[in-house]
Amino acid sequence: MEQMKVPIHASAMALSLNSSSTQVIEFLLICFPGMQDTQHWLSVPLTPLFVLALGANVVLLLVIQKEASLHEPMYYLLAMLSLLDILLCLTVIPKVLLIFWFNIKTISFTGCFLQMFVMNTFLPLESSTFMIMAYDRYVAICHPLHYPSIITEQFVVKAAIFIIFRNLLATLPTPVLASRLNYCSGNVIENCICTNISVARLSCGDIRLNKLYQFVSAWCIMGSDLVLILLSYCFILRAVLRLQSGGAATKALSTCGSHLILILFFYTILLVIIFTNKAGKMMTADVPILLNVLHHLIPPALNPIVYGVRTQEIKHGILKFLKYQK
C-alpha cells in the first residue's frame, strides 16, 4: 500500500508544476485523507451491505414483475425506486470497493464526470419518486373513491417522464460546467466519489458559478419535492384525524408507514451530509465523505426490506418467489 502513495503525490506535484501545459486525463480518488492506512477495513461492512442492496432490489423487481396482484400503480412506483437504487449503487460502490480492495484509485476524466452526472440526476429522481408516492397515498386516503380513476398506469408513465425530463434539464448543467473548467491544480480528489465540489476544487478557475448552480438546482428540485411531500402528509393526517373509527385511522396510517420511514431516512441523511459539509474545519473531512458513501448504500438496502416486511402483498409475493426457486 505504501508503494502506491508515491506516484499519487508525484502525479499531483507534476500537474501543479506544469499547470500551464498539462491536461488532466484522469483523476485519483484517495477516499479518506485521514485514513489511508486503515480505510481498506471499511470494505468489511460495505461489501455485505452492497450485496444486500443489489440482491434485495433485484428480488423485489422480479417479484413485482412475476406477481400479477402487484401489477398496480403503487408497486410500479416502488419498482422505479428499486431500479434507481440499483443504478446508484452500481455507479458509486464498485469503485469505492476497488479502491479498498486493490488500491485502484484512478478514474478517467470522462468516467469521473459520467459518475457525477448519474449521481446528480438519479439522487433527485429518488426524491421525486418519493414525492409521487406521497401523492399516491394522499389520493388513496383523502379521495379513495377517485383513486382508481386518478392513479392509473398512464399516470405513472406520465409522472415518470415528467420527473426524468425535469431532473435532466435541472441537473445536466452541473457536470457540464465542471467538465469545462481548466484543471491545473492537481488530479488528486480527496473523496471516494466524483462530487461536483470535490472535483471543481482542483480547477484553477472561478468555481463560484458551479457552487451556486448546484445549490440552487438541488434546493429547487429536492426542496420542492420535500415541501410537496410534507403537504401531502399534512392533508393525510387531517383526513385520518377526522375518521370516527380508531381501527380505520390505524389502517389508513399503516398504509403510509413504510413510505414515511423511508422518506425520513432519505432526507435525514441528506440534511446531515449538508450540515457536516458546511461545518468545514469543525470536524474531520472523512465524516462527510463516509456519510456520502453510506447515503448511496444504506437507503438502497433499506427500501426493499422495509416494504417487504411492512407490506403484506409484497411479503407474500417474496415468499412465493423464494418457494418457487427451491
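The exercises below, each with a worked solution, concern the helices of a predicted model and some of the residues within them.

Residues are numbered from 1 along each chain as its sequence is written, and side-chain values use heavy atoms, with hydrogens and water left out. Because the model is predicted, local features need pLDDT of at least 70 and side-chain atom pairs count only at pLDDT 80 or more, whereas totals for chains, interfaces and linings use all residues.

**Exercise 1. The chain as a whole**

State how many helices and strands the protein chain has, and what percentage of its residues count as buried.

Solution. The protein chain holds 13 helices and 3 strands, where helices (H or I, at least four residues) and strands (E, at least two) are DSSP runs numbered from the N terminus. Of its 326 residues, 48% count as buried, a term that means under 20% relative accessible area, with exposed over 50% and partly exposed in between (1.4 Å probe, protein chains only).

**Exercise 2. Asn120 in its helix**

Decide whether Asn120 is buried or exposed, and find which backbone oxygen its side chain reaches.

Solution. Begin with the location: Asn120 lies in helix α4, which spans residues 109–142. Its relative accessibility is 17%, so Asn120 counts as buried. The side chain of Asn120 comes to 2.7 Å from the backbone oxygen of Met116, a polar contact in the sense of a pair of N or O atoms within 3.5 Å, of which, within protein, one must be able to donate a hydrogen and the other to accept it, while residues adjacent in sequence count only if both atoms are side-chain atoms. Leaving aside residues up to four places away in sequence, Asn120 touches Thr171, Thr174 and Gln214, where contact means heavy atoms within 4.5 Å.

**Exercise 3. α4 against α9**

Determine how α4 and α9 are oriented to each other, and how the residues of their contact divide.

Solution. The two helices, α9 covering residues 208–241, pack at an angle of about 15° with their axes 9 Å apart; axes are lines fitted to C-alpha atoms, for helices over the stretch in contact, and angles run from 0 to 180 degrees between N-to-C directions. α4 and α9 are therefore roughly parallel to each other, since angles under 35 degrees count as roughly parallel, over 145 as roughly antiparallel, 65 to 115 as roughly perpendicular and the rest as oblique. The residues of the contact of α4 with α9 divide into 18 nonpolar, 5 polar and 2 charged; here Ala, Val, Leu, Ile, Met, Phe, Trp, Tyr, Cys and Pro count as nonpolar, Asp, Glu, Lys and Arg as charged, and the others, Gly among them, as polar.

**Exercise 4. Two residues of α9**

For Ser232 and Val240, establish whether each is buried or exposed.

Solution. Ser232 is found in helix α9 and, at 9% relative accessibility, counts as buried. Its side chain reaches the backbone oxygen of Leu228 at 2.9 Å, and, with residues up to four places away in sequence not counted, Ser232 touches Ala134, Tyr135 and Tyr138. Val240 also has its place in helix α9 and is buried, with a relative accessible area of 5%. The C-alpha atom of Val240 is separated by 7.5 Å from that of Leu253, 13 residues apart along the chain.

**Exercise 5. α3 against α6**

Identify which residues of α3 and α6 meet.

Solution. Helix α3 (residues 73–102) and helix α6 (residues 153–171) pack at an angle of about 30°, their axes being 9 Å apart, and are therefore roughly parallel to each other. Pro73, Tyr76, Leu77 and Met80 in α3 meet Glu153, Val156, Ala160 and Ile163 in α6. The residues of this contact divide into 7 nonpolar, no polar and 1 charged.
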